[in-house]
Amino acid sequence: MVPDVSTGNRSRGLLSYLYGPGRRNEHTDPHLVAAFSMPGINDPGRVALDQHHTALTELADYLDQPVKLREQRLGKKIPKHVWHCPVRTAPGDRYLTDEEWAEVARRIVHATGIAEHGDDAACRWIAVRHADDHIHIMATSVREDGRRPRNKADGRRAQGECRKIEAELGLRRLKSGDATAPKTPTGAEVSKAERQVRKNTARVWLREHAYTAAAAARDEDDYFAVLTALGIHVRPRLGPVTGEVTGYSLAAPDDTDAKGEPLFYSGSTLAPDLSLNRLRERFLPTEEPGREHLAPARNEVSSTWRRADKELRIAYTFVTTATAGADDAQVQAQAAAFAELLHNTAAAAPRQLRAELRAAATAFNRANRSAVRAEHRTAHALRQAGRAPLTTSGGKDDSLLAVALVSAVYLLIALGEWHAQRGHQQQAAAAQQALTHLRTAQQQAVRPVLAQLTSRTPSPQAQHRLAATVRATVPDHAERILTDPAWPALATALAQAESAGLRPRRALADLAGQRELNTADHPAEVLVWRLRNATAERVDRRARSAATRSAEGIRPQTKQRASGTPAVPPQPTEGHRQQPTR
């Protein structure tokens, strides 16, 4: 059951909508189901057609009487005096009778402070039903005694009462709100998008692109430059005294009003974490203490996805071991950095993965918005790793991206559980939705890599030897690993690791100690990605060592040439013939 509190200025206009045909003729049999005590007033839905407009006007005037009296006493208009709260059941809920809806309306106006039970001087209100699945509660927010009602936080109070009603009436139990959700598009915005045959309203389109730009940007100027490059109109808000930028508004390229002027939305109305102050917190140029060494090497082409994988695993360990309360700000920072990584991975990943990754990033935007304020500096390393795919190549080895996506899935599961443990119901549900899309992208990424590894399975003798190594090294997991459909691919990965200088027994012992193996549905597949990563790191270390030794042998030659001496090919040294230490 979903309530949606709003305010306005026109009682007669709202009544015309409630008793009218609707925007698409969807209203059927509009009529009153409940109201405050109002003797002598007719229900506009039950009068003759020629009396309909007169009845609407009489009802509006009667509801507005306390408002008019207060305005006369104060000598000024009362803004936003019309209180409106549609209440809708969830899809699949049972049919509610008029009597049940009447009780719902009375409980909502009581819970919100509009008209508490037994208060004869409460606000005037009505509840209109014009569809099977919802009612509209309308009130004028001036009491009979001329005072304003005490209805602060009425939206949250209505949500809380609806959770109780759901349990009592056997309806679908929805998640409680926490005041972190962005504003939903208005009816006019939805109708405009439908007329223009657009998938999303301008508000939603701008929100999605603002998140994408924020994930890619390194500072405030970069953020506005990315938005401008996308064709979005940016209008900064300047302080009256200093002239400094204190806020901003965005307008979609083709979204204009009746005069042809762009329709702007402020960052904070698109989403709370898109306000300029919140973005500036994210853009602060702070390094995480003790983690500066994680910057990728310039000559390491494949470092992008492997660095992302490493930081994702570090974040996973932190989230799963975080202390409740004490570490919440740091976990929220990891969630914010992870949200940026999802957006940037969607932009940099192979084309066939982008749709699901974008859907995962969009869904996780909601999971990333919580009442916990992030301490962004503690997630600097993950944030930097998340931006790297936009500026550096991930290499041609798709298995490294697959490894990173596997780690991303585990981190997303951990963040969803963290939200659930702290009662963040909306965020936990959004994380679950994002997980569905991320798992689909992960499976799309790993499927061809596993197929390639399986096609190169070593000989039966080698497989037998490697299986014996598995039984000896990880006896508790051996049967699950060897019966996993990914075992042939793991056998290939073990053989490749052995060729790269890794000892299978030691590698398995190190990798099997990770927590994911205990809860993994496919333990052999988990080991494949960890082993592929370890093998790639081993190969890179050998390549860097060889490059370093080669540079040391060439340096004297470079100096001789600089002084005019002919170059002499370097003589082989003992160091050139040494093999890397295993």
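**A tour from helix 11 outward**

Begin by selecting helix 11 (residues 328-348), whose 21 residues should span 30 Å at 1.5 Å a residue, and whose end C-alpha atoms are 30 Å apart, which agrees; the expected span is 1.5 Å times one less than the number of residues, and helices (H or I, at least four residues) and strands (E, at least two) are DSSP runs numbered from the N terminus. This is a predicted model, in which local features need pLDDT of at least 70 and side-chain atom pairs count only at pLDDT 80 or more, while totals for chains, interfaces and linings use all residues. Residues are numbered from 1 along each chain as its sequence is written, and side-chain values use heavy atoms, with hydrogens and water left out.

Colour helix 11 by exposure, and 18 of its 21 residues are buried (under 20% relative accessible area, with exposed over 50% and partly exposed in between, for a 1.4 Å probe and protein chains only).

Next, select Phe 338, Trp 487 and Trp 529, which are among the residues with the most contacts inside the largest nonpolar core, a set of 80 residues; such a core joins buried Ala, Val, Leu, Ile, Met, Phe, Trp, Tyr and Cys residues through side-chain atoms within 4.5 Å. Helix 14 (residues 398-421) gives the most to this core, with 14 residues. Apart from it lies another core, of 40 residues, including Ala 122 and Ile 137.

Move then to Ser 141, in the loop between strand 6 (134-140) and helix 4 (154-169), where this residue is buried, with a relative accessible area of 6%. Leaving out residues up to four places away in sequence, Ser 141 touches Lys 80, His 81, Cys 123, Arg 148 and Pro 149, contact meaning heavy atoms within 4.5 Å.
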